[in-house]
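Hello,

Here is the structure we discussed handing over. Please open it first, then read the notes below.

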Amino acid sequence: MRMYDLIEKKKQGKELTKEEIDYIISEYSLNEIPDYQMSAFLMAVYFKGMTMDETVNLTMAMANSGDTLDLSAIDGIKVDKHSTGGVGDKTSLIVAPMLASLGVPIAKMSGRGLGHTGGTIDKLESFRGFKTSLSEEAFIKQVNDIKLALVGQTANLAPADKKIYALRDVTATVNQKSLIASSIMSKKIAAGADSIILDVKCGSGAFMENLKDAEELARIMVSIGEMVGRQTVAIISDMNEPLGHYVGNALEVYEAIEVLSGRGEERLKELCITIASYMLIGGKKAESFEDAREKMERVIREGKALDKLAEFVNAQGGDMNQVYHPDQLPKAMYRKELLAPNEGYLTACKTSEVGMASLILGGGRETKESEIDLSVGIRMDKKLGDHVDKGEVMGVIFANDADLFKPAYDRLINAYTISEKLQEPEALIKKVITRKDVMV
Ligand code: URA
C-alpha cells in the first residue's frame, strides 16, 4: 500500500477499506507517513467526507492505537459522559457525584482546558492536594469502593488521535464532522465505558453553531457508539451563552457545589439533571426519564450528591472541607464590576469571547504548556433575555493582575449585544438522539 494512492483515492471521493484506514493510522503513528502526506489526506477528507463505515474504522483504529482500559473488574454498568466543549461547562463536576450517590459506577477520564474552553481536571485541582492521576489498580479500586474516580487522560489513550488532532489544529481540518466524531469516540471507546452520554453543544461557543450541524455530528457519534456495541445517547444543548453564572476554574467548582447544594442557576441545573437522568437510564438504575429525574432531584435535596463529591475529593487526596466551605477555594485578589454600556435586553452573546476573556485573565491556556491561574474568572449576573439599565452591574471580573482588567473588560462588553427588543433565549435542550434515530 502507498499513502500517495490512498490520498488520491480519497481525493476522488472513493471509500477506503478497513485495511487502508488501519494502514494510515498505524504507519502515521510509527512516523512512517510524514505530516505533509497526512495533511493532504486530512484535507481530502475535509472536502470529500467519509462514509459511516470509514468513520467507524477510523475511530476503532485510533481507539486501538494505544492503551484501552479494561473496566471489567468494576461491578455494574459503567457509564461515561462527554461534552463537545463549551464555556462555563461544569456539568461533569455535578453529574458524576449525583450518579455515584445512586450506585452507578463512574470511572472517568477527563481533559484539561485549551483555548476558550475549560477542562474538568484543571477545575478539580482547585481542591488543595487533589491528585489527578491514579494507578489503574487504584483507579478501579476507588470506583468499586466509592463508585467514583476521575483522573486526567493518560498519555497513551488513543495516541494516534492526539497526533492527528495536533496536525488538524494547524492545517485547518478540525471542523469536519467525521473527524470530530471519530476523535471524540476513539477516546471514549478506549476509556472502556459500556454506555456513553454525549452533550453536543450548539451555538456561538461551540464547534457546531447551528442545530443542523450539531444534529449531524450527534447522529454520527451515536452511530459509531452503537455500531461498536456501546449504548450511546446524544443530547444537543444550547451554547449561545456560558453555562451558569461562572466561568473560571475555582469559580466553576463553587457553582457546581451550589447546584449540588440545591441552589444554582436554573438552566445549568436542568442540563445536569437531564444528562444525569440519561446516564442513570444507561446504567439501568431507572425505569423511565421521569423516574430518573425524581431520583436526581432527591439526591440533591437529601445532600447525598454533595456528600459524594466530598468523599471523592477526599479519596483523591483533596481537602474535602472545601466542599462544605467553598469560601476556602482559591480566590482572586481583585474584582471589577462589568457595567452595562446602555439600556436594553441582552439578546446575543459571542460565547467563545467570554471564554477568551477568562483566558486573558489567566484562567485558560493559550498553548498546552501554559500555566493557569485557578482563582480568576468571570461571574455573569445577567443572562440572555435579562433587561439592564445603563450603568447597571452585569457581572464581575476576578483577577490577580489589575492590568488585565481592561482587555478582559473590553472583550466581555463586546461579546454581548444589548437590544431594545426582548428576544427569548433559545431552548436549552434542543434534541436528544438515541439509537432509534440512527440506522445501525
Ligand atoms: N474534541 C476532540 O476530542 N476532538 C475533536 O476533533 C474535536 C473536539
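**The mixed sheet**

One open sheet has four strands in the order 1-4-5-13, and its pairing is mixed. Strand 1 (79–83) and strand 13 (429–433) are at the edges. Each has a single partner strand, so one side of each is left without a neighbour in the sheet. From one strand to the next, the twist averages 15°. Bear in mind that this is a predicted model.

Strand 5 (residues 231–238) pairs with strand 13 in the antiparallel sense, over four bridges. To find that pairing on screen, go to Ile-235, which stands opposite Val-432 in strand 13.

Helix 9 lies across strand 1, strand 4 (195–202) and strand 5. Helix 9 runs at about 155° to strand 1.

**The ligand site**

Helix 9 matters here too: which element gives the largest share of the shell around the ligand? That share is four residues, and it comes from helix 9. Helix 8 (159–170) and helix 9 (177–190) each supply at least two residues of the shell.

The residues around the ligand are these:

- Tyr-165, Arg-168 and Ile-180
- Ser-183, Ile-184 and Lys-187
- Phe-207

By type, the shell divides into four nonpolar residues, one polar and two charged.

Three side chains have polar atoms to check against the ligand:

| Residue | Ligand atom | Distance |
|---|---|---|
| Lys-187, polar side-chain atom | oxygen | 2.4 Å |
| Ser-183, polar side-chain atom | nitrogen | 2.6 Å |
| Arg-168, side-chain N or O | oxygen | 2.8 Å |

How much of the ligand does the protein bury? Taken alone, the ligand exposes 240 Å², and the protein buries 91% of that.

**The antiparallel sheet**

Another open sheet, also of four strands, has the order 6-9-11-7. Its pairing is antiparallel. The edge strands are strand 6 (246–247) and strand 7 (334–339), and each pairs on one side only.

Inside this sheet, strand 9 (residues 377–380) and strand 11 (residues 393–399) pair in the antiparallel sense over four bridges. Met-380 stands opposite Gly-395 in strand 11.

Which helix packs on this sheet? Helix 17 (residues 405–415) does, touching strand 7, strand 9 and strand 11. The direction of helix 17 makes about 30° with that of strand 7.

Best wishes

Definitions and conventions:
Residues are numbered from 1 along each chain as its sequence is written. This is a predicted model: local features need pLDDT of at least 70, side-chain atom pairs count only at pLDDT 80 or more; totals for chains, interfaces and linings use all residues. Side-chain values use heavy atoms; hydrogens and water are left out. A residue is near a molecule or strand if one of its heavy atoms lies within 4 Å of it. A polar contact is a pair of N or O atoms within 3.5 Å; within protein, one must be able to donate a hydrogen and the other to accept it, and residues adjacent in sequence count only if both atoms are side-chain atoms. Accessible areas come from the Shrake-Rupley method with a 1.4 Å probe; for residues, only the protein chains shown count as cover. Ala, Val, Leu, Ile, Met, Phe, Trp, Tyr, Cys and Pro count as nonpolar, Asp, Glu, Lys and Arg as charged, and the others, Gly among them, as polar. Two strands pair if DSSP finds at least two bridges between them. Contact means heavy atoms within 4.5 Å. Axes are lines fitted to C-alpha atoms, for helices over the stretch in contact, and angles run from 0 to 180 degrees between N-to-C directions.
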